[in-house]
Amino acid sequence: MAKAAGPPERTISEDPLLQPFQLKHLTLRNRIMSTSHASTLDDGGMPMERYQRYHEEKAKGGLALTMFGGSSMVAPDSSWGGGQVSVASDAVIPHLRAFSERIHAHGAAIMCQISHLGRRADALSMNWLPTMGPSPIRERRHRNFPRQMDEHDIQRVIGDYATAAKRCME
């Protein structure tokens, strides 16, 4: 009995998942990435050895892009209470430089997810700073009521995002 003809077999080099991908000026070696998540491997908000090694092993394994940070804090009043990277001060820059060098050495790209948690932040953790948001609606997770943001708060948070992004680029 004759075997039914199926789709032609692809070689690994023909698999679109494993083909390089051009994203403006960045060429990724394939289309495999690890999305951002809070690994809780940080050390007081800094991406130190353990945190970097976790991402480095994925880069060694062949992925093209590793995203890190979970909800990296752009300001001291944006904390879950630990387990996330803080890009709210220049203290993170030397760690980000070392981190970037480690990942790039394995042919992978690196990207940080930054955020301000607004009302989702926890006022009772880390810096004990009051939460704020676009409205005073109660947050469901920790049940706190945020302060409604005013124009000054909005401008400060915009500036915090810009400064955090510059730190990440540096």
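The expected span of a helix is 1.5 Å times one less than its number of residues, where helices (H or I, at least four residues) and strands (E, at least two) are DSSP runs numbered from the N terminus. Helix 2, with its twelve residues (93–104), should therefore span 16 Å, and its end C-alpha atoms are indeed 16 Å apart. Before going on, please note that this is a predicted model, in which local features need pLDDT of at least 70 and side-chain atom pairs count only at pLDDT 80 or more, while totals for chains, interfaces and linings use all residues. Residues are numbered from 1 along each chain as its sequence is written, and side-chain values use heavy atoms, with hydrogens and water left out.

Let us stay with helix 2 a moment. Its buried residues (buried means under 20% relative accessible area, exposed over 50%, partly exposed in between, with a 1.4 Å probe and protein chains only) are Ile93, Leu96, Phe99, Ser100, Arg102 and Ile103. An α-helix has 3.6 residues a turn, so residues three or four places apart point the same way. The cover over the buried residues of helix 2 includes helix 1 (49–60), strand 4 (65–73), strand 5 (109–115) and helix 3 (151–169).

From here we can step into the nonpolar cores, each a set of buried Ala, Val, Leu, Ile, Met, Phe, Trp, Tyr and Cys residues joined through side-chain atoms within 4.5 Å. The largest has 16 residues, of which Phe68, Val85, Val87 and Val92 touch the most other members. Helix 1 and helix 2 each supply at least two residues of this core, and the largest share, three residues, comes from helix 2. Phe68 is a good place to look around: leaving aside neighbours within four places in sequence, its contacts (heavy atoms within 4.5 Å) are Ser36, Tyr51, His55, Val85, Leu96, Phe99, Ile110, Met111, Cys112 and Gln113. Apart from the largest core lies another, of five residues, including Leu28, Ala64, Met67 and Ala109.

Now for the empty space. On a 1 Å grid over the protein atoms alone, a cavity is a set of points where a 1.4 Å probe fits but cannot get out, and a pocket is an open set with protein on both sides within 12 Å along at least five of seven lines; lining residues have an atom within 4 Å of a point. The largest pocket holds about 640 Å³, and of its 20 lining residues, Ile110, Met111, Cys112, Cys168 and Met169 are the closest to its centre. Strand 5 gives the most to this lining, five residues.

The structure has one cavity of 30 Å³ or more, and the largest cavity contains about 50 Å³ of space. Among the residues lining the largest cavity are Pro76, Asp77, Trp128 and Thr131. Thr131 sits in the loop between strand 5 and strand 6 (132–133) and is buried, because its relative accessible area is 5%. Not counting residues up to four places away in sequence, Thr131 touches Gly118, Arg119, Ala121, Asp122, Ala123, Phe145, Pro146 and Arg147.

Two backbone details round off the tour. Lys24, in the loop between strand 1 (21–23) and strand 2 (26–28), has a phi near 50 degrees, a positive value in a residue other than glycine. Lys24 is exposed, with a relative accessible area of 76%. Arg143 also is not a glycine and has a positive phi, of about 70 degrees. Arg143 lies in the loop between strand 6 and strand 7 (147–148) and, at 46% relative accessibility, counts as partly exposed.

Technical notes. Grid points are joined across faces, edges and corners, and a volume is the space filled by probe spheres set on the points.
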